[in-house]
Amino acid sequence: MNPITEIAPQLLRGLQTTLTVLLASALFSYLMAFIGGLCRLSKNFLLRKFTGLYIEIFRGTSLIVQLFWLYYAIPILFDIDLASNWVIGVIAIGLNYGAYLSEVVRSSILSVAPGQSEAATALNMSSFQRMRFVIFPQAVRMMLPEFGNYTIQMLKGTALISLIGLRDIFYYGDIMRSTNLAHAPLIYAVVLIFYFILALPLIFFTRKAEEIAKKGVAS
Amino acid sequence: MWSWDRFNEAFPHVLQGLTMTVWVTLLTFLFALIFGFVWLFLRRIPLRPLNWTVTWIMEFIRSTPPIIQLFFMYLAWPVLPYIGVTLSPITCAVIGLGIHFSTYIGEIYRSGIESVGKGQWEAATALNFSLIDKWRRIILPQAIPPTIPMLGNYFIILFKEVPIAATISVQGILYMANTFGARNWAYIEALTIVGIILLALSYPSAVLIRKLEVKMNTRFDKNAVIKKIEKGVRPS
């Protein structure tokens, strides 16, 4: 069995699903990360505790359990049929990694030296200006490597969506394997290489981000 | 709809899988701790091409989905020529997840050793310590403590990752929940219990490790130690 002419075209059929789920869930989780991270630092007690609960629940259980739970729970508990497992996959991955990234956002903002925010206050900046022009630009740089790392984790997480019936790369690989049992090692190897190729840009981004993170931050 | 009757019924059933989940976690972690040394030693061999190859193999294992690696061990390994043997689901989970996590553990070992200051190595050489004494008395006592909280964190991450072994029919909590769900059409109740069990075990452990981390940091922080010596207190 030829890996390039026979296996790769089959797997390419699932590429779109894997990529769109990765992209959508990554954007969703980044959004959740900033909302969650900033809410954790809010002065409002209720908001802080509620966000804390969300973060601890999603970090304390695993993605596969959350994926299955949402898959069965959303149609029954809310009595709506989202009509698409794609949305459930995106919600599960987004909420899970959003919780992890919230902590990254929170700790990065906290790790900006206190002198910076004091200086901003001394310059008569409003609290919004202080965050927008002084703290945030420094914090974002420190977040980048972790965002890269967690995006790689998200890519790994997308392989689970075939368990709720989505036709991603892993799904097509597994279908091929079930009809060509003797070629299983080669098929899975090509599937793994597919995921690795998708991860490569993220790996390079993370390495680059580590360099960026070290520059221009007062500590 | 949600039913407390089914919840109560499902609880003992799902709990049956807990021993398996915990055992697989412990065995996998042990495997990863041992295999982590293999990566550590391979990367310390001062040979450029080898170093480069090992780094990329680690990167490959780390950035591809563990579930596919499990499927590889379970379904593809037995049909490999010469080396192929059929492995039990548990062995697959332990080896598959163990190798996956060993790449992280290897990095932790490396960071521990690299955290020992250059002066310590030079001092050990200057004092004419033998190779064994240098490692045993100078390097390792300083390299190991900071890695302990990190290893603890990975233990918790591993515990949460073990449920994916249900897909290759390791009969842990998730597998039990799925069988109960299929039999009684009570997936939500059963899966909620899995979530509760995971949370109940991982959250207190995470809090414990955070405390350990603070303790280790103050105990092995150079400035804190120097302050203690200045005060005339013997560092513990």
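**Exercise 1. The cavity lining**

Sort the lining of the largest cavity by class: how many residues are nonpolar, polar and charged?

*Solution.* The class count for the lining of the largest cavity gives 8 nonpolar and 2 polar residues, with no charged ones. Keep in mind that we're working on a predicted model. To see who is who, go through the lining: B:Thr21, B:Val24, B:Val162, B:Pro163, B:Ala165, B:Ala166, B:Val170, B:Gly172, B:Ile173 and B:Leu174. The polar entries are B:Thr21 and B:Gly172, because Gly is put with the polar class under this scheme. Next, the helices: H2 (18-44) and H8 (173-184) of chain B each bring at least two residues to this lining. Finally, volume: the largest cavity comes to about 50 Å³, and the structure holds 1 cavity of 30 Å³ or more.

**Exercise 2. Checking a helix**

Take helix H3 of chain B, residues 48-62, and test its end-to-end span at 1.5 Å a residue.

*Solution.* Start with the expectation: the 15 residues of H3 should span 21 Å, because the rule multiplies 1.5 Å by one less than the number of residues. Then look at the model: the end C-alpha atoms of H3 sit 21 Å apart, so the two agree.

Now, which residues of H3(B) are buried? They are B:Val54, B:Thr55, B:Trp56, B:Met58, B:Glu59, B:Ile61 and B:Arg62. The cover over these buried residues comes from both chains, including H6 (127-158) and H8 (184-214) of chain A, plus H2, H4 (66-76) and H5 (89-114) of chain B.

**Exercise 3. Aromatic pairs**

Work out the geometry of the B:Trp2 and B:Trp4 pair: stacked or edge-to-face?

*Solution.* Over all chains, the count is 31 aromatic pairs. For B:Trp2 and B:Trp4, the ring centres are 5.4 Å apart and the planes meet at 80°, so this one is edge-to-face; the cut-off for that label is over 60 degrees. As for exposure, B:Trp2 is partly exposed at 29% relative accessible area, while B:Trp4 counts as exposed at 55%.

Compare B:Phe37 and B:Tyr109, a stacked pair with 4.5 Å centre to centre and 25° between the planes. B:Phe37 belongs to H2 and B:Tyr109 to H5 of chain B, so their pairing links parts 72 residues apart in sequence. B:Phe37 is partly exposed at 39% relative accessibility, whereas B:Tyr109 is buried at 11%.

Last step: which residues share an aromatic cluster with B:Trp56? Those are A:Phe196, A:Phe204, B:Trp52 and B:Phe60.

Note on methods: Residues are numbered from 1 along each chain as its sequence is written. Chains are lettered from A and ligands numbered from 1 in the order in which they are written. This is a predicted model: local features need pLDDT of at least 70, side-chain atom pairs count only at pLDDT 80 or more; totals for chains, interfaces and linings use all residues. Side-chain values use heavy atoms; hydrogens and water are left out. On a 1 Å grid over the protein atoms alone, a cavity is a set of points where a 1.4 Å probe fits but cannot get out, and a pocket is an open set with protein on both sides within 12 Å along at least five of seven lines; lining residues have an atom within 4 Å of a point. Grid points are joined across faces, edges and corners, and a volume is the space filled by probe spheres set on the points. Helices (H or I, at least four residues) and strands (E, at least two) are DSSP runs, numbered from the N terminus. Buried means under 20% relative accessible area, exposed over 50%, partly exposed in between (1.4 Å probe, protein chains only). Contact means heavy atoms within 4.5 Å. Rings of Phe, Tyr and Trp (its six-membered ring) pair if their centres lie within 6.5 Å; planes under 30 degrees apart count as stacked, over 60 as edge-to-face and the rest as tilted.
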